[in-house]
Structure formats: C-alpha cells, structure tokens
Amino acid sequence: MAHILEDLQRLAGPVPAGPFSGVRLVEDLREVARLPAGSIAVLTAAASRAAGSYRLDVALRDAAAARAAALVLTGPDLAEAGRSAATLAERSGIGVYAAGGDLAALVVGLERAVAGDASDALARTVAAVRAVLRAGGTPERIAEAATGALGVPLPEEGADAPGGHLGTAVEVVARFAELAAAAGPADEPAGRSRAQLLTELLVAPEKQAQELAPRARALGLPVDDWHVVLRLEPVMEEGPQRYALLDAVAARAVRAAREIVGPEWNGALAGDALVVVRSLPRDQGRAGLREAARDAARLLERVRPAGAELRCGVSTAHRGLLGLRTSAAEARTALRRSPAPLAVYDLAGLDRMLEEWYASDAAHQAVRELLQPILDLKGDRPAHLIGILRAYLDHHGSPARAAEELHMHRNAVSRNIRRIEALLHADLDDPQQRLALQLACRAARPAL
C-alpha cells in the first residue's frame with residue numbers, strides 16, 4: 001500500500017508499508033500523541049511551520065509512540081525541516097513527507113486512496129477469492145493467501161476491519177475464507193454437514209479432532225462452550241435392525257430436543273448410538289444436570305418408536321472440544337454402569353475419580369495385573385465375569401442380591417464367583433483384596 005504516498009515528496013524516514021487506518025488532519029502538534037495506530041497525519045501549514053521551526057523532533061517521537069504511519073507537512077520551505085529530522089525519522093520509523101496545493105483536496109485524495117475506491121476494492125476481492133480457492137487446505141494457508149491478494153491482513157476475531165470500500169472487501173473475503181476453511185481441502189467430499197463433523201469430533205483421534213475445531217466453529221458448532229451429552233442406545237443386539245432404528249430416531253431426535261428446550265442442541269450418530277449435545281456458554285452446575293436429566297426423559301418419550309426400547313445416558317458438563325469428548329465418554333459410562341432406561345453419570349463423583357485414577361499408567365497396569373487371568377479369556381467372558389464380580393462385591397458378598405441385579409440365578413452367581421477366585425488366586429474374605437478388586441472392576445469395566 002506504499003503507492004498511496006508515491007505522489008508526495010519524501011523528506012526523511014522509511015517508506016511505510018501499511019496497512020493504513022485512515023487520514024487525520026492535525027492543526028495542533030499536541031494532537032499527534034493521540035493519533036490512531038497506522039494513521040497518516042497531515043499537518044496544516046501552521047502546524048508544519050511550528051514543527052519545522054523547533055518541534056519536529058517532538059512530533060516524531062509522539063507519532064512513533066502512537067504507532068502512526070507517516071507525517072505529511074504542508075506549506076512552503078519544508079525541505080530544511082525534513083533534513084533536520086532525517087536521523088530521528090529513520091530511528092523512529094516514521095516517514096516524513098511534504099505536499100503543496102489545496103489542503104482539502106490532499107486530505108480527501110489520501111482518504112480515498114486509503115479506503116480504496118469501489119473498482120479497486122472489487123478487483124482485490126476477486127483476486128483474494130481466487131487465491132483462497134487455489135490455497136485450500138488449512139485455515140492458516142487460506143488466511144495467508146487472502147492477505148497476500150488483498151494487501152491487508154484479515155482482521156483477527158473481535159478486531160475492526162478497515163473502513164470504506166476496502167473494509168467491505170475485507171469483510172467479504174474474511175467470510176469466504178471461513179467457509180473455505182469449513183469445507184476443508186479441495187480433495188475432500190463436499191457438503192460436510194454439522195452432524196457429520198460432530199461425529200468426527202467425537203470419534204476421531206484427539207489430534208485429528210483438534211485440527212477439525214476451526215472448521216466446526218466456521219459451521220456454527222459451539223465447540224468452545226460447556227457441553228452436556230445425551231447418549232441414546234436401542235435395547236437390542238447389533239445388526240441391521242439396530243442401525244435402522246438409530247436412523248429413524250436420529251431423523252427426529254434433534255428436532256424434538258430443540259422443540260423441548262431450545263436451539264442449543266446438536267446431534268450425530270456415533271458408532272452404535274445417537275449422541276445429542278446441549279451446548280451453553282456457561283456451566284449450569286448441578287441444577288443444569290438435573291434439568292438435562294428431565295429433558296432426556298422427555299426426549300425418550302418423544303422419539304421412542306412404537307414397540308422399541310431406548311436407553312439414555314446423561315453426562316455432566318465439560319468445556320471445550322476435549323470437554324465435549326469427555327462428556328460423550330461419561331454418557332457412555334452412565335449406560336454401562338446402570339441397567340435403568342435413564343442413567344445419569346455418577347453425581348457423587350466416584351466414577352469421575354476412578355476414571356481419572358485409571359487414566360494413569362501405573363493404575364492401568366495395576367488393574368490389568370489384578371484382572372489379567374480374566375482379561376485373557378476369549379469372547380465376551382471377561383466382561384461377563386467382571387460384571388458378576390463387581391455386582392457381588394458391591395452387594396457385600398451377597399450372591400442373592402447380586403443375582404437380583406444381574407437377572408441370574410443365585411447358584412449361577414456362586415459358581416462363577418468360585419471360578420473367579422480360582423482364576424485370580426484371590427481371597428474374597430480378605431478386606432484389602434476385596435477393596436482392590438472392587439475398584440479394579442469399576443475402573444476397568446467401561447474399557448471392556
């Protein structure tokens with residue numbers, strides 16, 4: 001953008017590279033200290049005479065402190081003033097220029113050049129759009145291409161764009177760049193929906209999910225908010241009927257959730273379940289969790305197909321992208337821990353503490369060592385036996401109460417407990433062994 005000042009006489013200092021924020025007419029040198037950053041200051045003849053006689057060095061220091069782009073002196077006999085401040089101008093990084101003729105025409109001409117006329121702004125917009133389409137790929141590459149074609153950087157979030165026609169061009173290109181980033185690289189399939197992207201955010205490896213976050217924001221997914229997740233699963237075995245039921249539920253679940261509560265719900269199919277996410281800008285605490293549980297109960301009634309059973313797990317609230325994934329894991333854990341149609345993640349915090357403990361390498365290794373003979377069994381036997389052992393220990397060693405929870409005969413529970421004791425070489429009458437195995441069963445069960 002240095003061409004804006006090419007028609008003026010440069011007296012001293014560097015040629016400013018821009019971008020320029022505007023043009024300011026200065027009648028009193030004390031105003032220089034209050035110049036907006038990036039502005040071109042045009043001094044009136046009176047202010048120029050004052051600067052040229054004894055105060056140009058002060059004006060240059062004030063302009064540098066304000067991060068102005070250039071000073072333009074007007075009036076006769078200005079060459080000497082420029083030479084006297086040459087060293088200071090170079091050091092301060094402020095270009096000093098001289099201009100004659102009509103002052104009003106000078107200011108208007110500079111303002112027009114800074115803002116850019118309509119044809120110039122349109123040409124820059126076209127060039128930037130073409131550059132963005134060629135760039136593709138990551139948001140960083142797209143922003144770099146758009147900036148190079150526009151000649152000014154795209155504004156950061158919350159920052160103001162330049163004024164005038166150029167500002168309009170910047171806003172148009174910035175929005176187009178957001179959409180291009182959301183669409184992803186040119187070799188990806190088009191038409192990626194919010195639901196598809198939400199699914200990827202939940203099931204993709206963590207690093208890949210973080211790379212998808214800018215695209216999610218551009219599509220309007222509030223990934224930075226607080227999230228509560230509802231996980232809906234059909235009560236039936238794996239197979240085509242299960243997935244057909246999920247498709248039927250998904251077609252109306254999000255619509256029903258938005259009708260029940262509001263527009264802050266999004267949904268997606270994730271593996272063998274439907275995940276519905278409620279996102280809010282603030283944590284609603286325990287009251288919010290109770291409200292989410294009530295909403296989940298109403299949602300189950302609204303979307304349950306005739307003759308089909310659904311279960312729903314409800315998470316606690318977590319913030320951000322990683323929080324979204326944590327909430328999804330909690331909703332799944334709630335379903336695994338309770339046979340109830342509506343299961344809320346452990347409000348007392350025991351499950352949370354166990355999962356955080358089990359996330360450490362040392363705890364993970366300790367649990368595996370305790371349960372390894374069971375984990376080495378084939379098929380669904382590990383999950384079956386660990387479930388029996390957990391229920392038996394949770395009910396203080398009562399085969400009858402464990403059998404009631406598991407819907408088994410008490411003799412079958414007793415036989416399996418004896419087998420487990422033999423496999424683990426464990427003494428379930430020992431309080432320390434009993435506690436260690438109870439914690440291991442609770443920590444390991446969600447991973448089975």
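Colleague: Leaving aside its neighbours within four places in sequence, which residues is Leu-35 in contact with?

Modeller: Keep in mind that this is a predicted model. Contact here means heavy atoms within 4.5 Å. Once neighbours within four places in sequence are set aside, the partners of Leu-35 are Arg-24, Val-26, Ala-41, Ala-66 and Ala-68.

Colleague: Nice start! Which element gives the largest share of the largest nonpolar core?

Modeller: That core has 23 residues, and Leu-35 is listed with Leu-29, Leu-43, Leu-60, Leu-71 and Val-96 as those with the most contacts inside it. Elements giving two or more residues to this core include strand S1 (9-12), strand S3 (39-43) and helix H1 (45-66). The largest share, seven residues, comes from H1.

Colleague: How many residues are in the second, separate core?

Modeller: Look for Tyr-392, Ala-403, Val-413 and Ile-417, which are included in this second core. It is separate, and its residue count is 22.

Colleague: What percentage of the residues in the protein is buried?

Modeller: A residue counts as buried when its relative accessible area is under 20%. The protein has 448 residues, and the buried part of them is 45%.

Colleague: Where is the pLDDT below 50?

Modeller: Across the protein the mean pLDDT is 76, and 74% of the residues reach 70 or more. One stretch is below 50, and in the model it has seven contacts beyond near neighbours in sequence. That stretch is residues 186-192.

Colleague: And how many helices and strands does the secondary structure come to?

Modeller: Helices here are runs of at least four residues, and strands of at least two. Counted that way, the protein comes to 18 helices and eleven strands.

How values were computed: Residues are numbered from 1 along each chain as its sequence is written. This is a predicted model: local features need pLDDT of at least 70, side-chain atom pairs count only at pLDDT 80 or more; totals for chains, interfaces and linings use all residues. Side-chain values use heavy atoms; hydrogens and water are left out. pLDDT is the predictor's confidence in each residue, from 0 to 100. Buried means under 20% relative accessible area, exposed over 50%, partly exposed in between (1.4 Å probe, protein chains only). A nonpolar core is a set of buried Ala, Val, Leu, Ile, Met, Phe, Trp, Tyr and Cys residues joined through side-chain atoms within 4.5 Å.
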